[in-house]
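Biologist: I should be grateful for a close look at a single part of this model. Please begin with one strand and then follow its surroundings outward.

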Amino acid sequence: MSEVILYETEGPIATITLNRPHKLNALNAEVITELERRLSQAANDDEVKVLLLAANGRAFSAGYDITDEIEEKTETPLDWLPILRRDVAATMRVWNFPKPTIAVVQGYCLAGGCELAMACDIIVAAEDAEFGEPEIQYGSGPVTLLMPFILGQKKTAELLFTGDRIDAWEASRLGLLNTVVPRDEIEATARALALRIANAPLAVLRLTKEALRRAYDAMGLSQAVEANIPISAILNGANTPEQQEFDRIATEQGLKAALSWRDSRYRD
């Protein structure tokens with residue numbers, strides 16, 4: 001079996017790469033566990049000054065793996081609570097990583113994948129990138145509530161209530177990301193930016209990152225993220241008619257059919 005996370009270092013740059021391209025880099029327990037291990041490795045390596053978070057294939061990440069949830073019959077709020085705490089902890093490990101982080105994004109960057117990208121300090125995106133948190137279309141909600149602090153209240157409310165996606169150019173206009181480049185230039189662009197950042201001493205980078213983290217904590221980010229976890233557990237365990245129908249179609253006809261049914265409800 002191939003590794004679900006790849007890790008490499010080159011000079012002052014470490015790269016963590018999501019490696020489930022056949023699943024659009026959907027996040028599951030194995031990915032989360034390995035991601036946290038590699039984050040610890042990069043954090044403890046004093047040769048590493050900047051971390052790149054990238055993904056193989058045509059998508060950065062389509063979000064959490066719905067197949068696992070259906071197969072494991074995750075239903076009640078009590079079932080959901082430990083899973084959500086695990087997922088939030090992993091995303092917040094990226095947010096709290098003690099060195100600068102750059103997300104390298106192509107294709108779908110949705111739901112939990114969007115949260116991982118937002119947890120990075122900087123996002124370099126390809127022109128084909130799509131961002132969003134479409135969970136409401138399934139009857140769910142955001143897991144790690146970072147978007148209000150990145151985009152502000154009005155646009156966050158619109159995106160979370162509708163589940164709409166935005167393209168890379170709109171995401172750039174709104175301040176969700178830093179740079180949009182052609183698909184074949186994202187790796188080189190992110191690496192060049194990482195090398196510029198790595199000119200600074202590691203101690204200075206660490207302290208600057210800590211100052212930024214404390215600024216967001218002063219605005220209540222950590223408290224908001226933590227407060228959202230039990231709400232998400234209740235929401236995911238609500239078993240609304242829409243959730244039940246989605247799960248029924250997925251069980252009887254497969255996930256592709258269930259996603260098609262879900263999307264048809266939001267088509268113009």
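**Strand β3 and its surroundings**

Modeller: All six of the six residues of strand β3 (residues 50-55) are buried, so this strand is largely enclosed by the rest of the structure. The model is a predicted one, and the values below are computed from it. The cover of β3 extends to both of its faces. On one side lie Val50, Leu52 and Ala54, on the other Leu51, Leu53 and Ala55, and all of these are buried. Buried here means under 20% relative accessible area.

The neighbour to consider next is strand β2 (residues 13-18), which pairs with β3 in the parallel sense over six bridges. Two positions show how the strands are matched: Ile13 stands opposite Val50 in β3, and Leu18 stands opposite Ala55 in β3. Strand β2 is itself mostly covered, with six of its six residues buried. Its two faces are both covered as well. Ile13, Thr15 and Thr17 are buried on one side, and Ala14, Ile16 and Leu18 are buried on the other.

Strand β2 also pairs with strand β1 (residues 5-10), and here the two run antiparallel, joined by six bridges. Within this pairing, Tyr7 has Ile16 of β2 as its bridge partner. The connection between β1 and β2 is a hairpin with two residues between the strands. Gly11, in the turn, has a positive phi of about 60 degrees. Strand β2 therefore takes part in two pairings, one parallel with β3 and one antiparallel with β1, under the rule that two strands pair if at least two bridges are found between them.

Positive phi values also occur in residues other than glycine. Ala111 has a positive phi of about 50 degrees although it is not a glycine. Ala111 belongs to the loop between β5 (108-110) and α4 (112-119), and it is buried, with a relative accessible area of 9%. For Asn239, phi is near 50 degrees, again a positive value in a residue other than glycine. Asn239 lies in the loop between α10 (221-236) and α11, and at 31% relative accessibility it counts as partly exposed.

From the strands one may turn to the charged side chains. Side chains of opposite charge can pair when their charged atoms come close. The count of salt bridges comes to 17. One of them joins the side chains of Glu34 and Arg38, at 3.3 Å from N to O. Both residues lie in helix α1 (residues 29-43), four residues apart, about one turn of the helix. Glu34 is buried because its relative accessible area is 16%, and Arg38, at 12% relative accessibility, also counts as buried.

A second salt bridge links Arg86 and Asp87, with an N to O distance of 2.9 Å. The two partners fall into separate accessibility classes: Arg86 is partly exposed, with a relative accessible area of 31%, whereas Asp87 counts as buried at 3% relative accessibility.

In helix α11 (residues 241-253), Glu245 and Arg248 lie three residues apart, about one turn of the helix. Their side chains meet in a salt bridge of 2.7 Å, N to O. Glu245 is partly exposed at a relative accessible area of 26%, and Arg248 is partly exposed at 34%. Elsewhere, salt bridges that share partners join Glu210, Arg213, Arg214 and Asp217 into one network.

Other charged residues gather on the surface. Glu127, Asp128, Asp184 and Glu185 form a patch of negative charge there. Asp184 has its place in the loop between β9 (179-181) and α8 (186-197). With a relative accessible area of 65%, Asp184 is exposed.

A final contact concerns residues separated along the chain. Phe149 and Met219 are 70 residues apart in sequence, while their C-alpha atoms are 8.5 Å apart in space. Phe149 is found in helix α5 (residues 147-151), and at 21% relative accessibility it counts as partly exposed.

To return to the part with which this account began, β3 has its six residues buried and its two faces covered, and it is paired with β2 in the parallel sense.

How values were computed:
Residues are numbered from 1 along each chain as its sequence is written. This is a predicted model: local features need pLDDT of at least 70, side-chain atom pairs count only at pLDDT 80 or more; totals for chains, interfaces and linings use all residues. Side-chain values use heavy atoms; hydrogens and water are left out. Patches are made of residues with over 30% relative accessible area and no salt bridge: like charges are joined within 9 Å, nonpolar side chains (Val, Leu, Ile, Met, Phe, Trp, Tyr) within 5 Å. Accessible areas come from the Shrake-Rupley method with a 1.4 Å probe; for residues, only the protein chains shown count as cover. A salt bridge is a side-chain nitrogen of Lys or Arg within 4 Å of a carboxyl oxygen of Asp or Glu. Lys and Arg count as positive and Asp and Glu as negative; His and the chain ends are not counted. The place of a charge is taken as NZ of Lys, CZ of Arg, CG of Asp or CD of Glu. Buried means under 20% relative accessible area, exposed over 50%, partly exposed in between (1.4 Å probe, protein chains only).
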